[in-house]
Amino acid sequence: FQAWSYFRRRKFRQCADLCSQLLERPPGEQIIYLVTRRYFTFYFIFIQAAWSLKTRALTEMVYVDEIDMDQEGIAEVVLDENAIAQVARPGTSLKLPGTSQGGGPSPAVRPVTQSGRPITGFVRPSTQSGRPSTMEQAIKTPRTALTARPITSASGRYVRLGTASMLTNPDGPFINLSRLNLAKYAQKPKLAKALFEYIFHHENDVKNALDLAALATEHAQFKDWWWKVQIGKCYYRLGLYREAEKQFKSALKQQDMVDTILYLAKVYLRLDQPVTALNLFKQGLDRFPGEVTLICGIARIYEEMNNISSSAEYYKDVLKQDNTHVEAIACIGSNHFYSDQPEIALRFYRRLLQMGVYNCQLFNNLGLCCFYAQQYDMTLSSFERALFLAENEEETADVWYNLGHVAVGIGDLNLAYQCFKLTLVNNNDYAEAYNNLAVLEMRKGHVEQARALLQTASSLAPHLYEPHFNFAILSEKVGDLQRSYTAAQKSEEAFPGHVDTQQLIKQLKQHFAML
């Protein structure tokens with residue numbers, strides 16, 4: 001009972017230690033007052049309870065929610081063979097978000113990520129990595145949150161997430177999976193479910209977990225929806241998305257569950273079928289009206305497809321159901337900021353502050369909103385607080401970069417130069433800072449330094465159009481027309497609707513025609 005109390009209070013380490021002590025005791029020390037005939041039966045049940053509780057405690061220590069954990073690594077992105085159509089119709093693919101007909105903001109107004117999606121107001125696992133077009137770009141740019149190494153395949157990442165399992169038992173693994181008789185455990189539903197979650201989350205042994213789930217489903221005569229969902233999760237981990245889809249659909253026929261809908265939508269998004277996922281979410285809302293996770297899922301898909309207006313409407317619907325939903329508040333605030341409404345964005349970010357969100361990113365956004373809303377008295381104090389709360393060098397670099405923009409806005413170019421330099425001190429891969437430093441160098445007449453900085457920015461972030469366009473203008477001024485034309489083409493590829501790039505290409509073509 002004490003171990004169970006620890007478990008309910010989420011003190012999993014103490015719970016596991018206490019269960020270990022119970023399991024290590026010899027039978028004679030456990031229950032000496034029982035009649036011999038009842039003794040072994042009771043002791044066996046007692047051992048099962050302690051074993052099951054320890055299994056659940058160890059699982060909870062390393063548990064990762066499969067619904068939100070969705071990072072695509074180099075292997076999944078570059079070697080993806082699950083695409084339905086290589087040339088998708090407009091508005092039907094996440095790989096080509098610029099083809100959406102939703103009238104999203106242009107890159108001139110709202111910055112975009114490497115994959116071409118507009119920057120969101122809330123960092124989600126699926127938005128931390130892009131969809132690079134080449135292996136070289138994949139190795140260079142998609143990075144985990146705090147390390148310099150690229151995101152590897154999903155299975156490797158889950159192994160790293162589960163490395164805590166090696167620390168849980170210094171004497172060796174709690175359960176030796178190679179010696180388990182899975183068929184025997186599959187016939188005991190209560191033990192089988194705890195064992196499956198231990199194998200799947202703690203040991204990250206997807207194959208054995210799949211074998212156990214298949215045997216348990218067979219024992220349940222294929223009538224238990226829970227096991228079908230677990231088989232679908234195993235197939236998803238193994239990259240067998242069509243098989244996972246079948247299992248989730250079968251589970252939904254037996255039992256309508258919100259989690260199953262979310263898992264199935266994940267499969268469709270990985271197959272690059274956002275329209276199918278949208279339809280699934282809307283069907284789910286018919287059966288579960290007002291379910292926040294389903295409405296939020298629709299809003300995320302619209303945002304990734306660059307349909308910002310529809311996304312904002314659904315995020316507002318989320319707030320009608322749950323007015324403390326941090327993601328919805330942050331995304332609506334970000335949308336208002338990039339729609340040239342900093343005063344309204346400020347209200348949303350202040351709401352987050354009132355809710356208890358207290359971090360570097362929030363004060364960074366508050367500082368920008370105050371500056372563009374002309375509330376200058378609060379601007380610098382917000383940025384000072386953001387610098388104080390920064391937890392790593394990347395966050396510090398973001399604050400200094402925004403301070404550089406503030407300095408440019410008030411006309412203090414020397415301060416702006418120092419701020420952008422400090423940005424690069426904290427994060428040497430900050431392409432936007434290289435671009436802005438190049439502009440300041442150009443104003444000083446340092447052409448060669450400006451060209452070098454622009455080339456660095458272009459190589460670090462080929463999805464940004466500004467470094468390509470600035471390099472094209474600079475090369476055209478010094479008479480290097482060929483390099484100017486090449487850079488202008490890259491700028492047009494990154495931002496097809498940029499009028500200045502189109503005019504520059506037109507002028508260069510006239511020059512070439514005269515030659």
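**Notebook: charges, rings, one helix and the cysteines**

**Entry 1: salt bridges**

I began at R483, which counts as partly exposed at 44% relative accessibility. I note here that the model is a predicted one. R483 meets D480 through their side chains in a salt bridge, with N to O at 3.7 Å. A salt bridge here needs N and O within 4 Å, so the 3.7 Å of this pair falls inside the cut-off. For D480 I found a relative accessible area of 24%, which makes D480 partly exposed too. I also looked for salt bridges that share partners, and found that they join R242, E245 and K249 into one network.

How many salt bridges does the count come to? I wrote down ten.

Next I took a pair from that network. E245 and K249 bring their side chains together in a salt bridge of 3.2 Å, N to O. Where do these two residues sit? Both are in helix α12, residues 241–254, and because they are four residues apart, about one helical turn separates them. I reminded myself that an α-helix has 3.6 residues a turn, so residues three or four places apart point the same way. Are the two partners buried or exposed? E245 is buried, with a relative accessible area of 9%, while K249 is partly exposed at 38%.

The R287 and D256 salt bridge has its closest N and O atoms 2.6 Å apart. This pair links distant parts of the chain: R287 belongs to helix α14 (residues 274–287), D256 to the loop between α12 and α13, and their positions lie 31 residues apart in the numbering. I looked up accessibility for both ends. R287 is partly exposed, with a relative accessible area of 37%, and D256 is partly exposed as well, at 29%.

**Entry 2: helix α13**

From the loop holding D256 I moved on to α13, which covers residues 258–270. This helix has 13 residues and reaches 19 Å from its first C-alpha to its last, close to the 18 Å expected at 1.5 Å a residue.

Is α13 mostly covered or mostly exposed? I found α13 mostly covered, with eleven of its 13 residues buried. Among the buried ones are V258, I261, L262, L264, A265 and V267. I made a separate note that T260, Y263, K266, Y268 and R270 are on the buried list as well. Just after α13 comes D272, whose phi is positive, at about 60 degrees.

**Entry 3: aromatic rings**

How many aromatic pairs does the structure hold? I have 21 in my notes. One of them is W4 with F7, a stacked pair with 5.6 Å from centre to centre and 15 degrees between the planes. Planes under 30 degrees apart count as stacked, so the 15 degrees of this pair qualifies. W4 and F7 share helix α1 (residues 2–8), where they are three residues apart, about one turn of the helix. W4 is partly exposed at 36% relative accessible area, whereas F7 is buried at 10%.

W51 and Y185 make another stacked pair, at 5.7 Å centre to centre with 25 degrees between the planes. W51 is in helix α3 (residues 36–61) and Y185 in helix α8 (residues 182–186), so this pair ties together parts that are 134 residues apart in sequence. I found both W51 and Y185 buried.

Y185 came up again when I looked for charges over rings: the charged end of K184 sits over the ring of Y185, 5.6 Å from the ring's centre. I found R385 over the face of F363, at 5.6 Å from the ring centre.

I also listed a cluster. Ring pairs link F337, Y338, F371, Y372 and Y376.

**Entry 4: cysteines**

How many disulfides does the structure hold? I came away with zero. C19 gave me a candidate to check. Its closest cysteine sulfur is that of C15, 4.3 Å away, too far for a bond. The cut-off for a disulfide is 2.5 Å between the sulfur atoms, so this pair does not count as one. C19 is buried, with a relative accessible area of 1%. I looked up C419 too, and C419 counts as buried at 3% relative accessibility.

How values were computed: Residues are numbered from 1 along each chain as its sequence is written. This is a predicted model: local features need pLDDT of at least 70, side-chain atom pairs count only at pLDDT 80 or more; totals for chains, interfaces and linings use all residues. Side-chain values use heavy atoms; hydrogens and water are left out. The expected span of a helix is 1.5 Å times one less than its number of residues. Buried means under 20% relative accessible area, exposed over 50%, partly exposed in between (1.4 Å probe, protein chains only). Rings of Phe, Tyr and Trp (its six-membered ring) pair if their centres lie within 6.5 Å; planes under 30 degrees apart count as stacked, over 60 as edge-to-face and the rest as tilted. A charge sits over a ring if NZ of Lys or CZ of Arg is within 6 Å of the ring centre and within 35 degrees of the ring normal.
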